[in-house]
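User: I should like to understand the reasoning behind the terms used for this model. Please justify each one in turn.

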Amino acid sequence: MTGKKDDMVITTILGKDCVVNGNFIVKQSARIDGEVQGDVYVSGTLIMGAGARVEGNIEAGEAILGGDVIGNVQAPGKVELTVTAKVIGDITTNVIVIDENAIFQGRCNMNQDAPRRKTPEAKKALKDEKRSARAVLQEALREAQEERVSAGDTE
């Protein structure tokens, strides 16, 4: 995927009365309001209107689905099923949003095994975990001793 801003520039629109028999491939973002009888490959964001239909698998950077999908959906960024969506198939993504009354029949894999970008907090926590048990124990004992001294208990 390219930059986030470029992902939302819709370069291809498949109109309401349009039917594609075969694979539908777009290098940026696309909107489908018609029907695709084949697989859909979109590098950026795929938006499916309420009356749209795809009979095939979908691979996109992100997908906002409002129509019918009979096939699997793979979108590492995010998958959103709007109130009019009907998906019969498996979904693989990092983030999923399912509106009330959307229909989803299948399995969802949220890529829990996929490497994720580490935040500074996560990096610090990982570094802290690597400290030796002895150093952690010494620090805890030192803190306990300081608390006793400040409380006036000097045993």
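User: What makes β6 and β8 a pair of strands?

Analyst: In this predicted model, β6 and β8 are joined by seven bridges in the parallel sense. Pairing requires at least two bridges, so β6 and β8 qualify as paired. Within this pairing, Val-42 stands opposite Ala-60 of β8.

User: How do you know that β3 and β4 pair with β6?

Analyst: Three bridges connect β3 to β6, and three connect β4 to β6. At least two bridges are required, therefore both count as pairings. β3 runs parallel to β6, as does β4. Phe-24 has Val-40 as its bridge partner in β6, while Ile-32 has Met-48.

User: Why is β6 called mostly covered?

Analyst: Seven of the nine residues in β6 are buried. Buried means under 20% relative accessible area, so the description rests on those seven residues.

User: Which residues does Val-40 touch, not counting those up to four places away in sequence?

Analyst: Val-40 touches Phe-24, Ile-32, Leu-46, Val-54, Asn-57, Ile-58 and Glu-59. These count as contacts because heavy atoms lie within 4.5 Å.

User: What makes the 26 residues a nonpolar core?

Analyst: Such a core consists of buried residues of nonpolar kinds, including Val, Leu, Ile, Met and Phe, joined through side-chain atoms within 4.5 Å. The largest set that satisfies this has 26 residues, so it is called the largest nonpolar core. Phe-24, Ile-32, Val-40 and Met-48 are among those with the most contacts inside it. The elements giving two or more residues to this core include β3, β4, β6 and β8.

Technical notes. Residues are numbered from 1 along each chain as its sequence is written. This is a predicted model: local features need pLDDT of at least 70, side-chain atom pairs count only at pLDDT 80 or more; totals for chains, interfaces and linings use all residues. Side-chain values use heavy atoms; hydrogens and water are left out. Buried means under 20% relative accessible area, exposed over 50%, partly exposed in between (1.4 Å probe, protein chains only). Helices (H or I, at least four residues) and strands (E, at least two) are DSSP runs, numbered from the N terminus.
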